Amino acid sequence: MKYAIVESGGKQYKVVEGESIAVDRLPVEPGDQMSLEHILFLADGDQFSIGAPLVSGYEVAASVVEHFRGEKVLAFRYSPKKRIRVHRGHRQDYTRLMIDYVGKPGEKKARAEKKAEEAMSQPEVQDEADDLVKIEGIGPKVAEALKAAGITTFAALADSKADDIQNILTEAGLKMMSPEGWIDQAKLAANGDWKGFEKLQAKLVGGRKAAPARKPAEKKPAAKPAKKK
């Protein structure tokens, strides 16, 4: 494990690649890149480098994540005989840093180039197929017909047109109506809006919006019998 002990604002911090630290507020902006130059100690597996007072030939690169304030610390000074009551609060300002790299400056560039070469050599990974049966109105047979036509994800279904889906079902010998409701559901599922997905499904019957219930006809009052003269 590679880690280092650095100094910032008169305080010492242990830094590890991929982890964040909170230091006293620095005059930087979120998103900036910076280097922690005061390296007091560096460990790389069984090898150790102790600074005298600083370790040379290494760097700690970090990116600024955010500025924030710590929890309130209360201080109360009390003197009973002099009637002194002093109550104070303080919140320290901090800067959160994400440690991007710990090591020699040349190794960082070589590592970035190696990752880029590996990314170029790896084949593109296709998106995993979604369970289209979750769509209200789509059964196993319809899902198979859609997958045979290349529609395997919620995003692909959301980008499809109702007429194209209807043609796919017709060619597969399936008679389905109004695939617009499927597309509306697929858009919510593709965006991860599962609450809206459930609300929409509650309004659908077989993938279509349920027709509003008819109000019962009002009964007319019975005519009163005519009075005999």
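## Aromatic rings and helix 6

Let's start with a charge over a ring: Lys-14 lies over the face of Tyr-3, at 4.6 Å from the ring centre (this needs NZ of Lys or CZ of Arg within 6 Å of the ring centre and within 35 degrees of the ring normal). Tyr-3 also belongs to an aromatic cluster with Phe-41 and Phe-48.

A note on the source: this is a predicted model, where local features need pLDDT of at least 70 and side-chain atom pairs pLDDT 80 or more, while totals for chains, interfaces and linings use all residues. Residues are numbered from 1 along each chain, and side-chain values use heavy atoms, without hydrogens and water.

Rings of Phe, Tyr and Trp (its six-membered ring) pair if their centres lie within 6.5 Å; planes under 30 degrees apart are stacked, over 60 edge-to-face, the rest tilted. By this rule there are six aromatic pairs, including these two:

| Pair | Centre to centre | Between planes | Type |
|---|---|---|---|
| Phe-68 and Tyr-94 | 5.6 Å | 25° | stacked |
| Trp-194 and Phe-197 | 5.3 Å | 80° | edge-to-face |

Phe-68 in strand 7 and Tyr-94 in strand 10 are 26 residues apart (strands are DSSP runs of E, at least two residues; helices are H or I, at least four; both are numbered from the N terminus). Trp-194 and Phe-197 sit three residues apart in helix 6, about one turn.

Which residues of helix 6 are buried? They are Gly-196, Phe-197 and Leu-200 (buried is under 20% relative accessible area, exposed over 50%, partly exposed in between, with a 1.4 Å probe and protein chains only). They share one side of helix 6 because they cover an arc of only 105° around the axis, taken from the directions from the helix axis to the C-beta atoms. On the other side, Lys-195, Glu-198, Lys-199 and Ala-202 are exposed.
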